[in-house]
Every structure is written in structure tokens, then in C-alpha cells.
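Let's walk through this structure together, starting with how far each part can be trusted and ending with the charged side chains.

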Amino acid sequence: MDRELKEEELQDLYAWIDKIPLSRPKRHITRDFSDGVMAAEVVKYFFPKLVDLHNYIPANSSPQKLSNWNLLNRKVFSKLNFHVPEETVKRIVLSTAGVIEPVLSALREKIDKKLEHAMDNILDVEYFDTRNHNKPYAEIQQTEAKLLAQLAEEDMRKDEKSRPRNGKPKHTVQFYTDMDPTFRTILQEKEQAVMALQETVEILQMKVNRLEHLVHLKDMRIEDLTRHLETYKAKANTH
């Protein structure tokens, strides 16, 4: 983390940061990241549920900057298997030149590893393995259902908190008290089927949104790696 980055590594890192929408424009990276707020925003961009930005206060004073970085180490970086040493934090807070870049580069590596792990979990390599061709259709359906549940679980919990009480269709059967019991039963079954289909559509839409986000992150990584490869090829050709 303390190693000095080469020029091509620095340019690659700056290009990566520039692709992330931050609350403040990047003018002088040593000062921009000194209070830890923009570091929190970087992690939140890739893992929104890991970071509560309200906990990180933009600051000019060293005590508040230290507080932000300590909170990042405890609450966020620990979940990425990442830690910024105390002495390094102090140097970052003092806007010491050349300190923040290796830290952000190391953080980027941890983010990439977690993204790859998340992608493997969501896509479930075993499910897409050719061995599935020999599995019973019912077993494949069951695996698919587990995948959908995995994708939707956290989002559904969040949506349930914000969803209006009347978010689901009302039972129209209750307005037909004089209806023949047979027809009433059939109507109830139809309404339940409609509600189940609507819930399925919601889950599938959340799956599409999550996969689109992951594809976008993968595209960013591929662009970075391609540019990195081209830089090394150009360097090799000069020798």
C-alpha cells in the first residue's frame, strides 16, 4: 500500500476514478480524498448497501477527517477485507503527496475481487454448467427459483418498507357477497393467480436491473484492463 505507483498505473487509476460520479469534482486528489468522504462514495457506487454517506461529514479539521477514516476502516473496509494503517491515515489527513493513490489502488483491487465474487454467486456457475442438460426439468426450475430469490431478497425487503399498504391489487371478490359460491371461488383463484404473476414480474425486473448493473461494472473493468494491456504493449514495442 505504501509502494509508489508507476506513471501508467497512476493514469489508469485516475481514469477509473473519473468514471465514478462523485459529489465533488476531482481537482487535487490528495486534498479531495483527505477527509474520507469521497473514498466512502467510491465504495458506495459499487456496493450501495455497504455505505451510509450520512455518517461521513465533509471536513477541514483533522479530528473529523480522522473520525471519517476510522469509521470507514471499521464499518466498510472491514467487509472488503481491507484496512488502512493508522500512520497512513494520518498522512492522508495531512494531504501528504503520493499517499492516497496507493491506498485507492489497493481499495480498487478489493472492490474488483468482491465484484467478481458477487458475479459468481449470482450467475451460479454450476447452474450454467453443461451438466444441467442432464438434470430433470423440475430441478432446473428449482435452481432458477433460488437464483431469483437471491437476486431479489434484499431489494424486496427494502421495497416492502417503502411500498404503500395498498400496493397490491384489492380483492374485488369482497364486493360480490351475493355471488354464487362456485363463481366466487373461481374469481378468488383468478385474483390470486394475477397477484402471483405480478410478484413474479417484479422479481424478474429486479433481476434484470441487478444484472444490467453488474454488466456495466464488468464493462468498466474490461475497458480498464484493455487500456492497461495497450499501455504495456506500446511500452514493449518501444524496447
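Across residues 161–176, pLDDT (the predictor's confidence in each residue, from 0 to 100) stays under 50. For this stretch the model has 18 contacts beyond four places in sequence, a contact being heavy atoms within 4.5 Å. Residues 123–137 are a second such segment: pLDDT stays under 50 there too, and the model has 17 contacts beyond four places in sequence. Please keep in mind that this is a predicted model, in which local features need pLDDT of at least 70 and side-chain atom pairs count only at pLDDT 80 or more, while totals for chains, interfaces and linings use all residues. Residues are numbered from 1 along each chain as its sequence is written, and side-chain values use heavy atoms, with hydrogens and water left out.

Over the chain, pLDDT averages 77, and 71% of the residues score at least 70. Where is confidence lowest, and where is it highest? The low end is helix H7 (residues 125–128), with a mean of 42, and the high end is helix H4 (residues 62–76), at 96. Helices here are DSSP runs of H or I with at least four residues, strands are E runs of at least two, and both are numbered from the N terminus.

With those terms in hand, the fold reads simply: there are 9 helices and 0 strands, giving the pattern α-α-α-α-α-α-α-α-α along the sequence. Among contacts between residues at least 6 apart in sequence, 63% join residues at least 24 apart. Of the 239 residues, 32% are buried; buried means under 20% relative accessible area, exposed means over 50%, and partly exposed lies in between, using a 1.4 Å probe and protein chains only. The accessible surface of the chain comes to about 15800 Å², and carbon and sulfur atoms account for 54% of that surface. These areas come from the Shrake-Rupley method with a 1.4 Å probe, and for residues only the protein chains shown count as cover.

Now turn to helix H1 (residues 7–18). Its 12 residues reach 16 Å from the first C-alpha to the last, close to the 16 Å expected at 1.5 Å a residue; the expected span is 1.5 Å times one less than the number of residues. Which residues of H1 are buried? They are Glu9, Leu10, Asp12, Leu13, Tyr14, Trp16 and Ile17.

Toward the other end of the numbering, the unreviewed UniProt entry annotates residues 187–214 as a "coiled-coil region". UniProt positions are given in the numbering used here, feature names are shortened, and annotations may be inferred rather than shown by experiment. In the model, residues 187–214 are 100% helix and 0% strand, with the end C-alpha atoms 41 Å apart.

Two loops deserve a look for their backbone angles. Asparagine 81 is not a glycine, yet it has a positive phi of about 60°. This asparagine 81 sits in the loop between H4 and helix H5 (86–93), and at 61% relative accessibility it counts as exposed. Serine 95, also not a glycine, has a positive phi of about 55°. The loop between H5 and helix H6 (100–123) holds serine 95, which is partly exposed at 25% relative accessibility.

Finally, the charges. Side chains of opposite charge can pair when their charged atoms come close. Taking a salt bridge as a side-chain nitrogen of Lys or Arg within 4 Å of a carboxyl oxygen of Asp or Glu, the count comes to 7. In one of these, arginine 108 pairs with aspartate 12, the closest N and O atoms being 3.1 Å apart. That pair links distant parts of the chain, with arginine 108 in helix H6 and aspartate 12 in helix H1, 96 residues apart. Arginine 108 is buried at 7% relative accessible area, and aspartate 12 is buried at 9%.

Aspartate 12 also forms a salt bridge with arginine 227, with closest N and O atoms 3.3 Å apart. Arginine 227 lies in helix H9 (residues 181–237) and aspartate 12 in helix H1, so this pair ties together parts 215 residues apart in sequence. Arginine 227 is partly exposed, with a relative accessible area of 30%.

Another salt bridge joins the side chains of aspartate 35 and arginine 24 (3.3 Å, N to O). Here aspartate 35 is in the loop between helix H2 (29–32) and helix H3 (37–46), and arginine 24 is in the loop between H1 and H2, 11 residues apart. Aspartate 35 is buried at 2% relative accessibility, whereas arginine 24 is partly exposed at 30%. As for shared partners, salt bridges join Asp12, Arg108 and Arg227 into one network.
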